[in-house]
Amino acid sequence: MDRPLNTNFVSKKELNHKHIAFSMARVPGSGHYYHGASDSGVYQVDHADEKPEAKRFTAEGHSSYILGTALNSRHLFTGGWDKNLIWWDRETGKAVRKQKAHGKWLRGVEVSPCGKQLATVSDDMVCRIWSTETGSLLAELKGHEAQTPNNYPSMLFCARYSPDGSRLATGDKVGHVVIWDTESFKPLQTLDAPGHYTWDPSARRHSIGGLRSIAFSPDGKQMYTGGIHKIGNVDHLGAKARLEIFDLETHESLAVLSGSDKCKGLVEHIEFESDGKWVVAGGGDHKGWLMFIDPSQPKIIREVPLPMHVHEFNLNEVGNQIFTVGHEKSVRLDLQV
Amino acid sequence: MTPSHNFCGSHEHDLSRRSFLGGLSAVGAGLLGTSGAVNTFAADGLNAALKKGNKRVILLWLAGGASQLETWDPKPGVPTGGPFADIPTDIPGVHISELMPKMAKRMKHSCLIRSLNTKDGGHGGGADLMLRGRRDEPTLKYPDLGAVVAKELGRMDSQVPDYVNFYTSTEGRGSAKTTPGFLGARYGAINLHDGKKLSLPNIEKLESITKGDHEARADLRNFLSSRFDQGRGLSAVKSHAAAYARVHGLMSCEKLFDISDEPQHIRDMYGPTQFAEQTIMARRMVEAGVPFVRVSRAWWDSHGQNFETHLEMVPELDRVLSALIDDLKQRGMLEDTLVVTMGEFGRTPKINGSLGRDHFATAWSASLHGGRTVPGAVYGKTDAHGNRVVEGEIGAGEMFATILEAAGIDHTREYHVGARPIPLVNPGIKPVTEVIA
């Protein structure tokens with residue numbers, strides 16, 4: 001039976017913490033998640049607790065912001081601006097492997113759907129693929145320019161596996177996307193969404209924005225990319241949130257969706273509801289929001305304000321809870337039936 | 001200075017303004033053209049002790065306010081510190097941001113001031129304060145740093161400009177205006193705003209006049225002027241002739257803006273950006289005798305995405321500044337050229353919800369390189385989180401006085417506006433002597 005198109009999520013639990021939570025990974029089938037933080041720590045929150053709170057999971061480990069958090073059945077993987085990738089034993093909280101994974105700041109960590117591959121992206125503009133079983137480096141994916149067209153350093157912000165794990169997409173500052181075969185590690189196709197990148201050549205002479213989030217549709221035929229519209233004043237995240245949707249078979253841009261005036265800033269993360277009936281995107285400027293999209297139209301059907309810039313979130317398997325983490329707060333939202 | 005340093009091809013560059021005036025002590029103030037009500041002779045020209053060599057100043061103006069935490073005063077590992085690490089430098093115990101690896105190897109040519117508390121977190125007010133060292137009075141407009149340096153280090157007979165300001169971005173240009181104040185237009189900046197075609201404004205030779213005609217007209221004017229002056233010795237004639245010579249010289253300075261003749265390895269050293277190219281032009285200008293050049297790099301005002309902004313802009317500053325230091329050193333000019341980096345303020349230790357840093361004038365940093373500075377000196381200290389100055393607090397006045405001294409200008413000098421003595425800095429203001437050699 002088709003699930004009704006209900007996106008009536010409301011904020012149910014708000015947690016305050018002193019750190020900025022940049023990344024998260026949830027234990028499947030639970031309200032227990034880990035998040036990587038600005039104080040170099042990894043925290044865990046379990047909404048099964050009577051009074052959920054962010055508890056420090058690890059002691060030492062990273063020495064800078066943790067921008068990537070992912071897990072499989074045995075390990076938690078975190079990567080940060082200290083360039084390190086750390087493997088944590090989920091049972092003991094001990095670091096079992098620590099390696100300098102990249103030459104520059106590490107922006108994201110993703111585990112493949114089968115749990116056997118780990119992808120890391122960094123401002124060295126390389127995506128590295130690691131075996132989660134042996135820790136060995138399987139491949140280096142190089143398809144992004146180190147410099148922007150204006151001769152400034154580019155940034156490789158995000159990576160995302162397709163639901164079947166056969167493809168991996170990587171996206172950079174100027175909106176360039178490369179889709180890779182996860183067996184041969186060859187590039188399959190490229191897309192460009194330059195509308196996510198603003199370069200101001202005259203007033204302020206720097207840039208802002210970039211392609212910050214990617215998600216494949218459940219059938220793997222479409223890709224959603226997230227960022228921000230062109231900005232007049234690049235000192236702020238003052239433009240509307242931006243989603244650009246691509247047809248991966250035709251390579252065409254299908255639509256550009258814009259948040260309202262209440263949804264400004266970066267789209268930091270995108271997730272599809274499991275059967276693809278709706279999509280949720282989260283992000284923000286000084287504050288945050290979630291946007292719900294009906295992909296059949298496609299159009300934004302609902303916007304939910306949140307008290308903090310959302311850096312990442314996770315939708316549970318049955319599609320009735322969303323766990324968000326962000327600037328000094330974490331918020332759980334529940335679906336009202 | 002070697003002859004190759006003189007782009008305008010005139011040996012007259014070797015004649016300093018002060019020595020020129022020293023030989024003309026009886027000449028009236030009117031000789032100084034547009035200096036208005038200022039009696040510039042009251043304390044000028046006759047004090048040989050003040051002559052400290054042909055110093056030059058390049059100010060890299062970090063418009064909008066660069067973050068001290070992502071440059072000169074990193075605080076890794078604390079909530080205010082941001083994501084970047086610090087790195088050791090060639091001065092033991094001194095660390096700077098990892099975004100400045102090139103400068104980390106050149107701190108022996110640098111000196112840091114980490115204790116600025118300038119109290120004005122507005123772009124306009126902060127820029128005014130940093131560029132003038134004090135507030136205007138209702139009836140008295142103070143000259144900015146460039147105008148003071150132009151007056152002190154410029155040459156009466158110079159055929160190059162005394163004060164050039166590159167500000168090609170539009171943001172903040174109005175906040176950081178150049179002003180000669182009571183010194184008058186003679187010491188005002190030549191402002192260069194067109195990012196596409198940089199050249200001195202309104203000095204192009206008319207296309208309808210050939211180069212030969214242009215030179216012939218100048219020769220004729222000189223001939224008539226000299227003949228008229230024979231036996232008269234009128235100061236007005238000398239002033240008239242000096243003005244023509246100056247304009248004629250300026251017209252031949254076009255080549256200062258053409259960096260195509262710079263060796264490729266020099267251009268590569270600075271990098272391919274507009275800021276890099278303008279800094280090369282600044283070096284060419286000081287080499288040619290321009291006493292003060294400001295290269296304004298806008299815009300650092302990172303209220304959102306501070307770390308991405310600084311990831312773009314600090315490596316550029318690191319490359320350009322280190323290249324400038326190396327370039328000046330290789331040319332034997334570093335001891336005579338003071339390079340300053342500062343803006344109107346720094347940025348808040350507190351990181352806002354957009355991962356930005358806001359305006360912060362309470363505890364921030366500037367850097368000085370070359371000139372009379374003490375190599376490797378680090379003055380002042382902020383607390384562990386960068387929220388306040390805990391040692392060596394100084395304000396804009398002290399910074400202004402320090403720059404003057406580092407450029408070989410006695411900060412205790414006075415001008416006169418009418419009968420009123422006007423010191424270069426407000427009474428009681430002292431330079432940071434710890435950073436002056």
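Guide: A word on terms before we start: helices (H or I, at least four residues) and strands (E, at least two) are DSSP runs, numbered from the N terminus. Also keep in mind that what you're looking at is a predicted model.

Visitor: Let's start with B:K119, then. Is it buried, partly exposed or exposed?
Guide: B:K119 sits in the loop that runs between β4 and α3 of chain B. Its phi is positive, near 65°, and it isn't a glycine. Buried would take 20 or more C-beta atoms within 10 Å, and exposed 12 or fewer. B:K119 has 13 such neighbours inside 10 Å, so the call is partly exposed.

Visitor: What comes after that loop: how many residues of helix α3 of chain B are buried?
Guide: Those that are buried include B:H123 and B:D128, and also B:L129, B:M130 and B:L131. They pack against α4 (145-153), β8 and α10 (396-406) of chain B. Taken over residues 123-132, the helix is mostly covered, and the count of buried residues is 8 of 10.

Visitor: And which residue follows α3(B) with a positive phi?
Guide: The helix itself covers residues 123-132 of chain B. Right after it comes a residue with phi near 80°, and that one is B:G133.

Visitor: Going back to β4 of chain B, which residue stands opposite B:I113?
Guide: Strand β4(B) covers residues 110-116 and is joined to β12(B) by 2 bridges, with the two strands running parallel. Strands of a sheet pair through backbone hydrogen bonds, either parallel or antiparallel. Across from B:I113, in β12(B), is B:Y379.

Visitor: Which are the edge strands of that open sheet in chain B?
Guide: The sheet has 8 strands with mixed pairing, in the order β6-β5-β7-β1-β8-β11-β4-β12. The edges pair on one side only, and they are β6 (190-192) and β12 (378-379) of chain B.

Visitor: At about what angle does α9(B) run to β8(B)?
Guide: Helix α9(B) lies across three strands of chain B: β1 (56-63), β8 (337-342) and β11 (364-370). Relative to β8(B), the helix runs at about 175°.

Visitor: Which two residues touch the most other members of the largest nonpolar core?
Guide: In soluble globular proteins, nonpolar side chains tend to be buried together. The core in question has 100 residues, and its largest share, 9 residues, comes from helix α9 (residues 306-330) of chain B. B:V340, for one, touches B:V57, B:L59, B:L60, B:A366, B:L368 and B:I403, leaving out residues up to four places away in sequence. The two that touch the most other members are B:M285 and B:V340.

Visitor: Over to chain A: is A:Y224 buried or exposed?
Guide: A:Y224 belongs to strand β20 (residues 222-228) of chain A. Beyond four places in sequence, its contacts are A:A215, A:L243, A:I245, A:I270 and A:V279. The cut-off for buried is 20 or more other C-beta atoms within 10 Å. A:Y224 has 26 of those neighbours, so it counts as buried.

Visitor: How many residues of strand β5 of chain A are buried?
Guide: β5(A) forms a hairpin with β6(A), with 3 residues between the two. The strands are antiparallel and joined by 5 bridges, and A:T69 stands opposite A:T78 in β6(A). β5(A) is largely enclosed by the rest of the structure, because its buried count is 6 of 6.

Visitor: Any odd backbone spots? Which peptide bond in chain A is cis, for instance?
Guide: Most residues other than glycine have a negative phi, and most peptide bonds are trans. Chain B has a cis bond from B:A298 to B:W299, with omega about 20°. In chain A, look in the loop between β25 (288-294) and β26 (299-306), where A:P298 is placed. With omega near -20°, the cis bond there goes from A:Q297 to A:P298.

Visitor: And what is the phi of A:F185 near?
Guide: A:F185 is in the loop between β15 (176-181) and β16 (187-192) of chain A. With 14 C-beta neighbours inside 10 Å, it counts as partly exposed. Its phi is positive, although it isn't a glycine, and the value is near 60°.

Visitor: Last one: how many polar residues are on the side of chain A that touches chain B?
Guide: The contact takes 25 residues from chain A and 26 residues from chain B. On the chain A side, 8 are nonpolar and 7 are charged, and the number of polar ones is 10.

How values were computed: Residues numbered from 1 in each chain as written. Chains lettered and ligands numbered in written order. Predicted model: local features only at pLDDT ≥ 70, side-chain atom pairs only at ≥ 80, totals over all residues. Core = buried A, V, L, I, M, F, W, Y, C linked by C-beta atoms within 7 Å. Contact = placed C-beta atoms within 7 Å. Nonpolar A, V, L, I, M, F, W, Y, C, P; charged D, E, K, R; others polar. Pairing = 2+ DSSP bridges. Axes fitted to C-alpha atoms, helices over the stretch in contact; angles between N-to-C directions.
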